[in-house]
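Biologist: I've got the viewer open and a coffee in hand. Take me through this one, residue by residue.

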Amino acid sequence: MEIEYTVPQPSPLTRLNTFVATSRIGKHFKLTERNTTFTTELRAGTTTFLTMAYILAVNATILSDSGATCSVHNCIPLCSNPSFNSNCTGPNLHLIIPTTSCKFHPVNPGYTVCLQRVRKDLIVATVVSSLIGCVIMGTFANLPLALAPAMGSNAYFAYTVVGFHGSGKVSYESALAAVFVEGVLFLLISAIGLRAKLAKIVPKLVRISSSAGIGLFLAFIGLQNNEGIGLIGYSSSTLVTLAACPESSRAKLAQVITLPNGTVSVLSNVSSGVMCVGNRMESPTFWLGVVGFVIISYCLVKNVKGSIIYGIVFVTAVSLFRNTQVTAFPNTPEGDSSYYFKTIVDVHKIRSPAGALSFSGINKPAFWEALITFLYVDVLDTTGTLYSMAKFAGFTDENGDFEGQYLAFMSDAAAIVVGSLVGTSPVTAYLESSTGIREGGRTGITALTVAGCFMVAFFFTPLLASIPAWAVGPALIVVGVLMMRSVVEIDWEDMRQAIPAFVTLILMPLTYSIAYGLIGGIGTYMVLNFWDWGEGVLCKFGIVKGGGSDGSVRGSCVDKESSVVESRNVVEV
């Protein structure tokens, strides 16, 4: 009696993955060579987008704080008696012509309307710049890296360069011109290969530690109130402390100065609720975020694919319901306006920021100060991010180079130029790309998936922007854990490696800047090795010689030359 064996048929997903891998698209993106599949790339791109979707609302909010293209001309004349604004006629009544003060508290109604309109414009500008940047990176560089307007650079752009409601030294239009010129210079630096050479100046140990430093940076963000679960809050005595208190127990802060006459004047914008005044560890949203963290962590322990998506989706789904203690839509005017059931689909066209750049302020020192600052931050920050993400994905070779490096540099530089043309601050590769890499993203299809999600965001911005911070926070913390593994490559017994590496690690989260961490690490490394390098040069030219009484060659020159060789080995990437 013959036994017939039935060959199991592959599942539809397996057939889809096989078909795409053998197609021209699969070969172009090297799915087989990079040991990944089409569906894995889609999942990775979706994960990346979910962790960075907050940028849609956050970037627009930050940039609109600068007033964007709104000006005094948008303010409307008001009656000398506010009670008669609708009909300013009668004795002792007259219209007050708006002045610069109309942009500040109490903000003129006309200016407020302009800010509301321009905020919607900036959401679309964020979508457009991110979408185009992701398409360029995915198509040409074939890397799983998502791009969007950089956090940090947007705050510098809005609050330092342009100033709150245009109170800075540079107008919004001139600031966009500065970003445009910086982007062109950055593109030129990348095109001639100088950017790669500048990147290679960074010592290898600093490059390695920067990956872990970025992980700490992400975890620090994920632990805060505004962009995370809220476990860490402000303390007037220790700077940071345990928080996790409800919204009703948080205090807003502002920098003030007491004038000689005793008057207290506010010097800066009022912050969000960053300090707990009581009820620590009693925030319902914090504990919901903890549940999301546990879900992600347990799935990682069990090697469940899509673990980060499950955590984000679960917390977001619970937060969508109103009239609960964990709702993302409280019964406030802001909560009512953002409630997604009111407007799920909306298409908004950019009116004012796009193409608004002006070179009229190019003769001002503040213009060039902003341009140089943007340029050096991009050279250090975005280059460091690209290398760290490439290392995290396992793309780097023994020299620290990775496939698609040149085109990756060109892609994010081109995205900066595009961002300035649509009206937003510098665009950069996002750290949240690490979440997609963790989910298995290895090709440009991941970036193109993120671009596709941003395309959807054109129509579903209200829904996608409703992902709360306490849903994203757990994902950022877990990614921070995963990125710490690179510290094992540092020789912690060698203080010439350990000290610069630690400075890099600690400065990134505590200064809230990747660039400052790199500067601190590189500076410390140079100081610790300067004496050895100097003596090595003197020995090389015979200015300093070393020798023993027995005629054997030993002493400082031999030691310093070997020290210089060791230092070179550490610097080489």
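**Inside, outside and across the chain**

Biologist: Buried or exposed: which is Asn 154, and at what relative accessible area?

Modeller: Buried means a relative accessible area under 20%, exposed means over 50%, and partly exposed is in between (1.4 Å probe, protein chains only). Asn 154 is buried by that rule, because its relative accessible area is 0%.

Biologist: Before we go on, what kind of model is this, and how are residues numbered?

Modeller: Side-chain values use heavy atoms, with hydrogens and water left out, and in this predicted model local features need pLDDT of at least 70, side-chain atom pairs count only at pLDDT 80 or more, and totals for chains, interfaces and linings use all residues. Residues are numbered along each chain as its sequence is written, from 1.

Biologist: Back to Asn 154: with which side chain does it make a polar contact?

Modeller: Asn 154 is in helix H6, residues 153-162 (helices are DSSP runs of H or I with at least four residues, strands E runs of at least two, numbered from the N terminus). Leaving out residues up to four places away in sequence, Asn 154 touches Ile 62, Leu 63, Ser 425 and Asn 59 (contact means heavy atoms within 4.5 Å). A polar contact is a pair of N or O atoms within 3.5 Å; within protein, one must be able to donate a hydrogen and the other to accept it, and residues adjacent in sequence count only if both atoms are side-chain atoms. At 3.0 Å, the polar partner of the Asn 154 side chain is the side chain of Asn 59.

Biologist: And Ser 237, which side chain does that one meet in a polar contact?

Modeller: Ser 237 is in the loop between strand S4 (232-235) and strand S5 (239-242). Its relative accessible area is 66%, so Ser 237 is exposed. At 3.2 Å, its side chain makes a polar contact with the side chain of Ser 235.

Biologist: Which helix gives the most to the largest nonpolar core?

Modeller: A nonpolar core is a set of buried Ala, Val, Leu, Ile, Met, Phe, Trp, Tyr and Cys residues joined through side-chain atoms within 4.5 Å. The largest has 74 residues, and Met 137, Leu 143 and Phe 454 touch the most other members. With eight residues, the top contributor to this core is helix H17 (residues 469-483).

Biologist: How far apart in sequence are Phe 49 and Phe 454, the pair that links distant parts of the chain?

Modeller: Rings of Phe, Tyr and Trp (its six-membered ring) pair if their centres lie within 6.5 Å; planes under 30 degrees apart are stacked, over 60 edge-to-face, the rest tilted. There are nine aromatic pairs in the whole structure, and Phe 49 with Phe 454 is an edge-to-face one, 5.0 Å centre to centre with 90° between the planes. Phe 49 is in helix H3 and Phe 454 in helix H16, and the separation is 405 residues.

Biologist: What is the relative accessibility of Phe 454?

Modeller: Its ring partner Phe 49 is buried, with a relative accessible area of 2%. Phe 454 counts as buried too, because its relative accessibility is 0%.

Biologist: How many residues apart in sequence are the parts that Arg 34 and Glu 403 tie together?

Modeller: A salt bridge is a side-chain nitrogen of Lys or Arg within 4 Å of a carboxyl oxygen of Asp or Glu, and the count comes to seven. Arg 34 and Glu 403 form one, with the closest N and O atoms 3.4 Å apart. Arg 34 lies in the loop between helix H2 (24-29) and helix H3 (38-52), and Glu 403 in the loop between helix H13 (365-392) and helix H14 (405-422), so the parts they tie together are separated by 369 residues.

Biologist: Over the ring of which residue does the charged end of Arg 34 sit?

Modeller: Arg 34 is buried, with a relative accessible area of 13%. A charge sits over a ring if NZ of Lys or CZ of Arg is within 6 Å of the ring centre and within 35 degrees of the ring normal. At 5.2 Å from the centre, the ring under the charged end of Arg 34 is that of Phe 395.

Biologist: Where is Glu 439, which pairs with Arg 43?

Modeller: The side chains of Arg 43 and Glu 439 meet in a salt bridge at 3.4 Å, N to O. The two are 396 residues apart, with Arg 43 in helix H3 and Glu 439 in the loop between helix H15 (433-438) and helix H16 (444-464).
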